[in-house]
Amino acid sequence: MTTTTTTEPAISCTGLSAGYGKTPVVRGLDLHVQPGEVVVLLGPNGAGKTTTVLTLAGELPVIEGSIALHGDATGAPLHRRAQRGLSLLTEERSVLMKMTVVDNLRLGKGDVDRALAVFPELEPHLGRKAGLLSGGQQQMLALARALARRPRILLADELSLGLAPLAVERLFKAVRAAADTGLAVLLVEQHVSSVLEIADRGYLLVHGKVVLSGTTAELRSQWHEVESAYLAVPAAAV
Ligand SMILES: Nc1ncnc2c1ncn2[C@@H]1O[C@H](COP(=O)(O)OP(=O)(O)O)[C@@H](O)[C@H]1O
Ligand SMILES: [Mg+2]
């Protein structure tokens with residue numbers, strides 16, 4: 001293999017329509033994430049970001065179009081995609097509150113030391129119940145557990161929701177570092193400006209359609225369109 005060989009996207013979709021029942025919420029989506037890339041999916045509330053991520057993960061059915069993992073079309077459910085290296089962090093913080101930090105990490109089936117290498121700040125809390133941690137620490141735990149399994153693809157929905165800026169920065173830094181070792185990352189985010197600091201590319205979704213996509217530099221240069229997409233959504237829908 002030469003360095004000029006085009007790398008297969010870790011995950012991609014073509015002409016994807018998805019939703020609930022027969023009604024599509026997102027339509028005609030083409031997106032891809034290469035190994036080593038952090039790609040951000042932006043858009044106002046109700047745009048279809050969670051629907052997109054859950055469909056890519058195999059949690060919601062495809063209505064039209066196709067999804068490929070490492071170049072192979074797939075219709076497999078999440079647990080099978082997980083075997084092919086896909087990791088999903090949903091909007092609900094996925095830690096078990098009544099269990100200790102170390103037991104949460106063991107449950108992830110990844111190496112505990114590897115998880116602590118990602119977030120050494122969790123080490124003093126290993127024996128504490130996860131429910132007693134701050135929101136930021138809980139999200140670090142969820143991310144550490146996911147990364148300890150060495151996934152090839154990480155889909156994360158609103159990782160930073162409700163967290164203090166320092167915690168957000170810390171999580172994003174860990175995501176960037178993991179991508180720099182080859183992980184393909186798709187992040188759904190509301191913290192637009194801070195996520196653009198660590199992302200390579202992005203898509204802006206409005207009413208279920210991609211209205212803008214490009215490198216972070218391109219998205220920044222079209223900041224006005226990005227902002228107005230958020231502002232154009234009536235307050236009732238936010
Ligand atoms: N379980 C569901 N059943 C029916 N419609 C849903 C369901 N979840 C979300 N929707 C609808 O799909 C649209 C997109 O939602 P979602 O993907 O959650 O958007 P976002 O994550 O961008 O805020 C919204 O109009 C929402 O009401
Ligand atoms: Mg959502």
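This briefing walks through the main features of the structure above, topic by topic. What you're looking at is a predicted model. The protein chain splits into two parts: domain 1 (7–83 + 155–238) and domain 2 (86–150). There's also a ligand, with residues such as K49 and T50 around it, and a nonpolar core to which both domains give residues.

**The two domains and where they meet**

- Domain 1 is written as two stretches, 7–83 and 155–238, while domain 2 covers 86–150.
- Measure up the domains by their C-alpha centres and you get 23 Å between domain 1 and domain 2.
- At the meeting point, 19 residues of domain 1 are in contact with 14 residues of domain 2.
- On the domain 1 side, the elements that put in two or more residues are α1, α2 (78–83), β7 (153–157) and α6 (165–180).
- Of these, α6 supplies the largest share of that side, with 4 residues.
- That side of domain 1 is made up of 14 nonpolar, 2 polar and 3 charged residues.

**The nonpolar core**

- The largest nonpolar core counts 69 residues.
- Which residues have the most contacts inside this core? They are V38, L143, A144, L155, V175, V185 and L187.
- Helix α5 (residues 135–148) gives the most to the core, with 8 residues.
- Domain 1 and domain 2 both give residues to the core, so the core lies between the two.
- To get a feel for one of its members, take L187: leaving out residues up to four places away in sequence, L187 touches V38, V40, L41, A156, L159, V175 and V195.

**Around ligand 1**

- What surrounds ligand 1? The shell is made of Y20, V25, G43, N45, G46, A47, G48, K49, T50 and T51.
- Sorted by class, the shell has 3 nonpolar, 6 polar and 1 charged residues.
- Helix α1 (residues 49–57) gives the most to this shell, with 3 residues.

**Helix α1**

- Is α1 mainly enclosed or open? With 7 of its 9 residues buried, α1 is largely enclosed by the rest of the structure.
- The buried ones are K49, T51, T52, V53, T55, L56 and A57.
- K49 and T51 also belong to the shell around ligand 1.
- Right after α1 comes G58, which has a positive phi, near 90 degrees.

**The sheet**

- Four strands make up an open sheet with antiparallel pairing, in the order β2-β1-β4-β5.
- β2 and β5 (72–73) stand at the edges with a single partner strand each, so one side of each has no neighbour in the sheet.
- Strand β1 (residues 11–20) and strand β2 (residues 23–33) pair in the antiparallel sense over 7 bridges.
- One place to spot this pairing is I11, which stands opposite V33 in β2.
- β1 and β2 also form a hairpin with 2 residues between them, and G21 in the turn has a positive phi of about 70 degrees.
- β1 also pairs with strand β4 (residues 62–69), again in the antiparallel sense, over 6 bridges.
- In β4, V62 is the bridge partner of A18.

**Loop residues worth a look**

- Most residues other than glycine have a negative phi.
- R150 has a positive phi, near 50 degrees, even though R150 isn't a glycine.
- You'll find R150 in the loop between α5 and β7.
- R150 is partly exposed, with 15 other C-beta atoms within 10 Å.
- E158 is another residue other than glycine with a positive phi, near 55 degrees.
- E158 sits in the loop between β7 and α6.
- Buried or exposed? E158 is buried, with 21 other C-beta atoms within 10 Å.
- T90 is in the loop between β6 (86–89) and α3 (101–107).
- With 16 other C-beta atoms within 10 Å, T90 counts as partly exposed.
- T90 and G202 are 112 residues apart along the chain, and their C-alpha atoms are separated by 19 Å.

Key
Residues are numbered from 1 along each chain as its sequence is written. Chains are lettered from A and ligands numbered from 1 in the order in which they are written. This is a predicted model: local features need pLDDT of at least 70, side-chain atom pairs count only at pLDDT 80 or more; totals for chains, interfaces and linings use all residues. A residue is near a molecule or strand if its C-beta atom, placed from the backbone, lies within 6 Å of it. Ala, Val, Leu, Ile, Met, Phe, Trp, Tyr, Cys and Pro count as nonpolar, Asp, Glu, Lys and Arg as charged, and the others, Gly among them, as polar. A nonpolar core is a set of buried Ala, Val, Leu, Ile, Met, Phe, Trp, Tyr and Cys residues joined through C-beta atoms within 7 Å. A residue is buried if 20 or more other C-beta atoms lie within 10 Å of its own, exposed if 12 or fewer, and partly exposed in between; C-beta atoms are placed from the backbone. Domain bounds come from an automatic or database domain assignment. Two residues are in contact if their C-beta atoms, placed from the backbone, lie within 7 Å. Two strands pair if DSSP finds at least two bridges between them.
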